[in-house]
Protein chains: 2
Amino acid sequence: MENYDVIIIGAGAAGLTAAIYTCRKKLKTAIITLDIGGQTMLTNHIENYPGFDLIPGPELMSKFEQQASKFGAEMIMGEVELIKKKKIGFTVELKNKETYDTKTIILAFGKTARRMNIPGEDKFFGRGVSTCATCDAPFYKEKTVAVIGGGNSALEAAELLTQFAKKVYLIHRRNEFRADEVTIEKIKKMKKIEILLNWLPEEVKGDKFVESFTIKNAKDEKTLKVDGVFVEIGYELKTDWLKSLVNLTDSGEIKIDERCRTSQAGIFAAGDVTTVPFKQTVISAGEGAKAGLESYKYIKGDTTAIDWK
Amino acid sequence: MENYDVIIIGAGAAGLTAAIYTCRKKLKTAIITLDIGGQTMLTNHIENYPGFDLIPGPELMSKFEQQASKFGAEMIMGEVELIKKKKIGFTVELKNKETYDTKTIILAFGKTARRMNIPGEDKFFGRGVSTCATCDAPFYKEKTVAVIGGGNSALEAAELLTQFAKKVYLIHRRNEFRADEVTIEKIKKMKKIEILLNWLPEEVKGDKFVESFTIKNAKDEKTLKVDGVFVEIGYELKTDWLKSLVNLTDSGEIKIDERCRTSQAGIFAAGDVTTVPFKQTVISAGEGAKAGLESYKYIKGDTTAIDWK
């Protein structure tokens with residue numbers, strides 16, 4: 001059985017940055033993950049990651065990954081099923097029953113895209129229903145699409161889709177958006193976008209592919225002829241399997257302090273999976289760095305990080 | 001009197017990133033600061049800021065500043081003397097008696113370099129004694145210098161100085177360094193560097209400029225002929241003036257939670273000035289982003305940041 005100093009679960013901005021930091025401390029580090037780059041991969045362009053005026057999400061994540069690899073992080077593709085606490089350290093068990101021993105763990109596996117849970121959504125997923133505009137927008141040249149949601153990712157998805165589609169419905173259940181003001185203003189000026197506020201999704205219909213999308217509100221119901229439905233309503237946490245190990249909030253976020261420590265000594269958490277509420281690359285990166293350095297301190301038995309005191 | 005939504009005190013990685021985020025939320029934002037770029041300016045090269053393989057600190061900070069300016073952050077050069085709590089919001093008073101009203105405040109003014117507090121240090125400060133190797137190393141071509149300290153910045157200073165000086169003493173009060181293992185190994189191989197462990201600084205002597213540096217331990221004392229003394233023993237906090245406003249630790253750090261909230265509603269803190277123990281650009285940037293987004297939430301009266309819930 002392989003023995004690690006640190007096992008990081010998840011390879012988004014938080015996990016990859018944690019690895020940069022643990023590897024630079026010469027800790028034997030593995031990242032166990034289902035994919036590389038996390039939610040940032042789904043971002044068309046980022047203009048608020050300090051240091052880059054404008055960079056596509058996948059390009060930024062590729063830089064993160066190369067840095068982590070350069071310093072020696074091992075990548076293990078797979079899904080963690082179980083973490084067992086031992087007298088000293090932990091055993092991590094994967095779905096394929098491989099196991100790894102480790103002194104510390106950093107939980108950084110983020111969130112997964114939330115679904116609408118309406119009829120037709122699953123049937124047409126991947127055949128017109130998508131949670132990733134960045135991935136799928138180019139398939140909708142001269143088509144009509146609907147975007148569901150009211151946050152930054154929904155508005156950014158709508159904006160991106162105008163570059164391909166001939167018409168974009170932007171549908172939100174509330175009477176105002178929750179995105180950046182600059183983004184809202186930009187969206188409102190775009191002629192291809194029709195904004196529909198106070199509407200709820202009802203059903204996706206079609207034959208082989210999506211053909212229509214029904215929405216409703218308290219008084220009314222209507223069916224839009226669309227070729228695609230982009231679901232941009234946030235993310236959900238898969239942390240149930242951890243609840244005997246670390247404290248979670250009611251909504252499933254892992255509780256951390258300002259130093260990324262969980263309620264379990266030796267287990268740290270960083271990024272979207274934690275009580276830090278913002279889904280931002282630079283925040284996840286910063287949190288990952290903290291978790292990495294706290295792991296090092298934990299292994300060394302240190303309680304202070306400041307020299308000459 | 002000018003009215004702001006957010007006043008950020010300090011323009012290092014934390015303050016500049018906070019400004020990027022508040023400005024993108026269309027909040028009227030001013031940064032009050034004594035200098036731009038903070039401690040990152042003193043870093044010769046950074047290889048652990050995710051996204052850049054290797055970048056000089058000043059170049060990275062210049063990118064941060066340009067991004068903050070692009071989105072509309074106002075820069076006010078000056079030192080804050082006083083923060084007064086009003087019924088709603090705060091008044092910030094500068095040393096020059098200018099005042100500004102603001103709804104929220106982000107404290108991000110970092111730490112200042114710690115001194116040795118030994119005879120001769122003040123007298124020769126700027127005349128051989130320095131706290132910034134990046135700034136002053138080029139003045140020591142073919143000279144002999146001493147570096148005091150055992151953390152990353154001390155070792156990095158020593159490494160940088162080998163490019164100019166003919167000999168570098170690296171002096172640390174403990175019997176081992178507290179820097180990254182990779183950096184320690186690199187330093188140990190450098191022939192120009194002589195490592196002196198378990199020695200304390202005693203006195204700096206000279207005429208117009210530094211000529212010698214006396215160090216001591218329990219048994220012994222010796223005087224090194226040097227032309228420069230680089231003090232790299234960490235940083236100290238100047239937060240005494242805030243203690244009636246926000247909770248501080250015994251060592252003066254501003255206590256924050258994982259969302260950068262202080263004990264005072266409407267006042268947030270980010271970066272080196274807080275209980276987050278690590279002096280790292282990416283961590284300060286992440287903390288600044290959080291503080292910026294929390295300010296926005298506070299102003300909007302929001303308690304949740306997740307859409308569609």
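In this predicted model, a convenient place to begin is Lys25(A), which lies over the face of Tyr296(A) at 4.6 Å from the ring centre. A comparable arrangement of charge and ring involves Arg115(A), whose charged end sits over the ring of Phe125(A), 3.7 Å from its centre.

From Lys25(A) one can turn to helix α1 of chain A, which covers residues 13–24. This helix has 12 residues and reaches 17 Å from its first C-alpha to its last, close to the 16 Å expected at 1.5 Å a residue. The helix is mostly covered, for 12 of its 12 residues are buried; among them are Leu16(A), Ile20(A) and Tyr21(A), and also Thr17(A), Thr22(A) and Arg24(A). After α1(A) comes Lys26(A), whose phi is positive, near 60 degrees.

The next step is to ask how the two chains are related. Chain A is superposed on chain B by a rotation of 180 degrees with 0.0 Å of shift along its axis, and the RMSD is 0.1 Å. The two copies are thus related as by a two-fold rotation axis. Of the residues of chain A, the one that comes closest to this axis is Glu258(A), at 2.0 Å for its C-alpha. As for the interface, 100% of the interface residues of chain A are also interface residues in chain B, so the copies meet through the same surface.

Aromatic residues of both chains come together in one cluster, formed by Tyr49(A), Phe52(A) and Phe64(A) with Tyr49(B), Phe52(B) and Phe64(B). Over all chains, the count of aromatic pairs comes to 14. One of them is formed by Tyr140(A) and Phe230(A), an edge-to-face pair with 5.4 Å centre to centre and 75 degrees between the planes. This pair links distant parts of the chain, since Tyr140(A) is in the loop between α3 (133–136) and β9 (144–148) of chain A, while Phe230(A) is in strand β15 (residues 228–231), 90 residues apart. Tyr140(A) and Phe230(A) are both buried.

A tilted pair is found in chain B, where Phe109(B) and Trp241(B) stand 5.9 Å centre to centre with 40 degrees between the planes. Here too distant parts of the chain are linked: Phe109(B) belongs to the loop between β6 (99–107) and β7 (112–113), and Trp241(B) to the loop between β16 (235–236) and β17 (267–269), 132 residues apart. Phe109(B) has a relative accessible area of 24% and is partly exposed, and Trp241(B), at 30% relative accessibility, also counts as partly exposed.

The nonpolar interior can be followed next. The largest nonpolar core has 120 residues, and those with the most contacts inside it are Ile83(A), Leu107(A), Ile254(A), Tyr49(B), Ile83(B), Leu107(B) and Ile254(B). Leu107(B), when residues up to four places away in sequence are not counted, touches residues including Ile9(B), Ile83(B), Leu242(B), Ile254(B) and Phe268(B). A second, separate core of 21 residues includes Tyr140(B), Ala158(B), Leu161(B) and Phe230(B).

A last stop is Arg178(B), which lies in the loop between β10 (167–172) and α5 (181–188) of chain B. With a relative accessible area of 29%, Arg178(B) is partly exposed. Arg178(B) and Tyr235(B) are 57 residues apart in sequence and 15 Å apart in space, C-alpha to C-alpha.

Methods:
Residues are numbered from 1 along each chain as its sequence is written. Chains are lettered from A and ligands numbered from 1 in the order in which they are written. This is a predicted model: local features need pLDDT of at least 70, side-chain atom pairs count only at pLDDT 80 or more; totals for chains, interfaces and linings use all residues. Side-chain values use heavy atoms; hydrogens and water are left out. Rings of Phe, Tyr and Trp (its six-membered ring) pair if their centres lie within 6.5 Å; planes under 30 degrees apart count as stacked, over 60 as edge-to-face and the rest as tilted. Helices (H or I, at least four residues) and strands (E, at least two) are DSSP runs, numbered from the N terminus. Buried means under 20% relative accessible area, exposed over 50%, partly exposed in between (1.4 Å probe, protein chains only). A charge sits over a ring if NZ of Lys or CZ of Arg is within 6 Å of the ring centre and within 35 degrees of the ring normal. Copies are superposed by least squares on the C-alpha atoms of residues with pLDDT of at least 70 in both. Contact means heavy atoms within 4.5 Å. The expected span of a helix is 1.5 Å times one less than its number of residues. A nonpolar core is a set of buried Ala, Val, Leu, Ile, Met, Phe, Trp, Tyr and Cys residues joined through side-chain atoms within 4.5 Å.
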